[in-house]
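This report covers a ligand site, an internal cavity and a sheet. Please look over the structure before reading on.

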Amino acid sequence: MIDEFIIFERGGSVLWRRSFVVLRGDPIATLIRDVLLEERASDTELITSSYGVRWALANEFHVVVAVVYQHLLPPAYAPDLLQLTRDAFVSQFAAPLAAGELDETDFSTFTTVFDGLLRDAEHLSLSRAHEARNKRAPKSKPDPQTKVPEEEEEIKHVETQPEIEIQSAEDVVKRNREAFIRRRTAGAKKKTKSSAAQDSSGDHPKRGKVLRPPNKNTADEMAGLDHSANTAQGAGEDVSLARFRQQFIEAAPNSNYDVIDASSEDDDAEPNQGTQAAGKKSRTLDGSVFNFFRGLAGLRSLTRTDLDPALAQFREALISKNVAQDIADRLIESVGASLEGKQMETMTSVSTTVRSALDEALTRILTPRQSTDILADIAAKKGSGRPYVITYCGVNGVGKSTSLAKTCYYLLNHGHKVMIAACDTFRAGAVEQLRTHVRCLGKGVELFDRGYGKDAAAVANDAIRKAKELGYDVVLVDTAGRMQDNEPLMRALAKLVEVNRPDRLFFVGEALVGNDAVDQLKKFNAALSDNQTSARPRLIDGIVLTKFDTIDDKVGAAVSMVYTTGQPIVFVGVGQTYMDLRKMNTKALVRALLR
Ligand code: GDP
């Protein structure tokens, strides 16, 4: 039933292991990468490929105990065995673990102890199953001669297990993709000859059914939207150009925005007045929480009961900074789990340890695991024969087009030639908005558009081809805003992404949103995964966080978004001019969260 039991030190060295089969892949590496390093230690189970993994921490010795099994057949005794094994191991080897004498210690002697524990756990589990069975069938007289086969008991256990909650985002995506491919295969089999013939005639399954919102533009309206050949409209365009110049170029950019200003990467400057004043409104972590921890001084090691009230206050404080509730819960649980059992000697060490545990956890979550240097990526792509393509997606009004124009300004300033692909072919005025941006931005940028009502994937494809022919370095693809639950529009986005394989797919989200950001991101990623046939569907791989200038110190959406996707915040919008685009400064952000 169990595939492997392993005990390792958080530093990485394996202290003891008992393997019952040869594992495919490395579920323990996944446990370390996706759970322990991602501050998800408070989760109870990890499902990775066909395995389930459970773990227990012995924090006082920085030791992790883990059990691996087939996730469809989770042994009922695994949680008990895990705790028993941890306690037995820690009590047998307390002295060498405390002294750090790992190399000098022979941990293999633990195997005999473990085998005894395993036998006990199996017996206990079987007798519990018998008891439960007898309780369920009190009327029928048990036949003492009839022995219940072990497998039967095990199957019963599986049936009564609560549905396994998939914790890893990768697994959710994988599951959705498999379901989608199954649906597609089943759908293909069911198709009649005539519908198949219809399909082969074009991109859309049903010709004439174009993905458009209910208030779609008629042909006349579309013609009316083509302002370029119309003198009166031309005058209108000049008015909007003047307005754009005023808003995006002439207005003063947001200066000194230290929370995310890249230039303050390693400074300890005080925040600007606005941020400081707002900070007072939020519950401070230093005051109530740290006073509580001071009260724990003198304890030898922290227990869960000691920690719980303070963890609750940390949770409140994070939520008051706009961290999504569910994520604040998981983060705090994880920090609690990592502190339980830690030795606390002095007053100072209590508060310092707690603060630094949360600081470390937040820093680890927010530190990008892959490059966010777009300029370096563009340079690396040069000479490949294809421009660097960035696609922007998100719900309506979050600042997609503005962020795209800001990025364009940034790229032009670094000497790149940029083509903007107008792939929001739904919203009236979307193309004109981009055209005015292009006029405002000046030399080095061109707009590619095909008007309204066209297939966005095809427009992007044509734009990339054209940019390649004309030697543009970068293509920025604007897409229609869409709600995360709008299936037809999400399918159209997935198609655009699958057909055009952009180098980066940016999700644009407002810093104002709390729990909603998590919902948007999860559903965007799930829909992207569901609606691509590729074995490796493209998902969101970067976040642009807008309107940061409007949130005072409530910077928690950044944590929620990164925690949900595991993807970095590449840019932050801090105002309405082209200059108001910054790179994320993790250190400053964590400082703002803990203030
Ligand atoms: P889209 O529908 O997602 O393309 O959104 P737009 O780009 O049209 O932006 C919607 C509104 O948000 C506009 O009024 C922008 O000026 C504003 N906006 C965009 N980014 C920021 C930002 O970083 N700060 C502030 N204060 N406003 C922004």
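## Residue classes and the ligand shell

Ala, Val, Leu, Ile, Met, Phe, Trp, Tyr, Cys and Pro count here as nonpolar, Asp, Glu, Lys and Arg as charged, and the others, Gly among them, as polar. The model is predicted. In it, the shell around the ligand divides into 10 polar, 4 charged and 2 nonpolar residues.

That shell holds 16 residues. Lys400, Ser401, Thr402, Asp549 and Gln576 are the closest. Which helix supplies the largest share? Helix α15, residues 400-413, does, with 4 residues of the shell.

## Polar contacts and cover

Three contacts of the ligand deserve a look. A polar backbone atom of lysine 400 sits 2.8 Å from a ligand oxygen. Aspartate 549 uses its side chain instead: one of its N or O atoms is 2.8 Å from a nitrogen atom of the ligand. At glycine 573, a backbone N or O atom is 3.3 Å from a ligand oxygen.

How much of the ligand's accessible area does the protein cover? On its own, the ligand has 580 Å² of accessible area, and the protein covers 82% of that.

## Internal cavity

The count comes to 1 cavity of 30 Å³ or more. About 60 Å³ of space lies in the largest cavity.

Which residues line the largest cavity? From the earlier part of the chain numbering come Glu38, Arg364, Ile365, Thr367, Pro368, Arg369 and Gln370. Val562, Gly566, Gln567 and Pro568 complete the lining. By class, the lining has 4 nonpolar, 4 polar and 3 charged residues.

## The eight-stranded sheet

An open sheet of 8 strands shows mixed pairing. Its order is β8-β7-β9-β6-β10-β11-β12-β13. The edges are β8 (445-448) and β13 (581-582). Each has a single partner strand, so one side of each is left without a neighbour in the sheet.

At the β8 edge, the partner is β7, residues 418-423. The two strands run parallel, joined by 4 bridges. Which residue of β8 is the bridge partner of isoleucine 420? Leucine 447 takes that place.

Definitions and conventions. Residues numbered from 1 in each chain as written. Predicted model: local features only at pLDDT ≥ 70, side-chain atom pairs only at ≥ 80, totals over all residues. Heavy atoms only, no water. Near = heavy atom within 4 Å. Polar contact = N/O pair within 3.5 Å; in protein donor to acceptor, adjacent residues only side chain to side chain. Areas by Shrake-Rupley, 256 points an atom, 1.4 Å probe, with all protein chains shown as cover. 1 Å grid on protein atoms, 1.4 Å probe; cavity = no way out; pocket = protein on both sides within 12 Å on 5 of 7 lines; lining within 4 Å. Points joined across faces, edges and corners; volume = space filled by probe spheres on them. Pairing = 2+ DSSP bridges.
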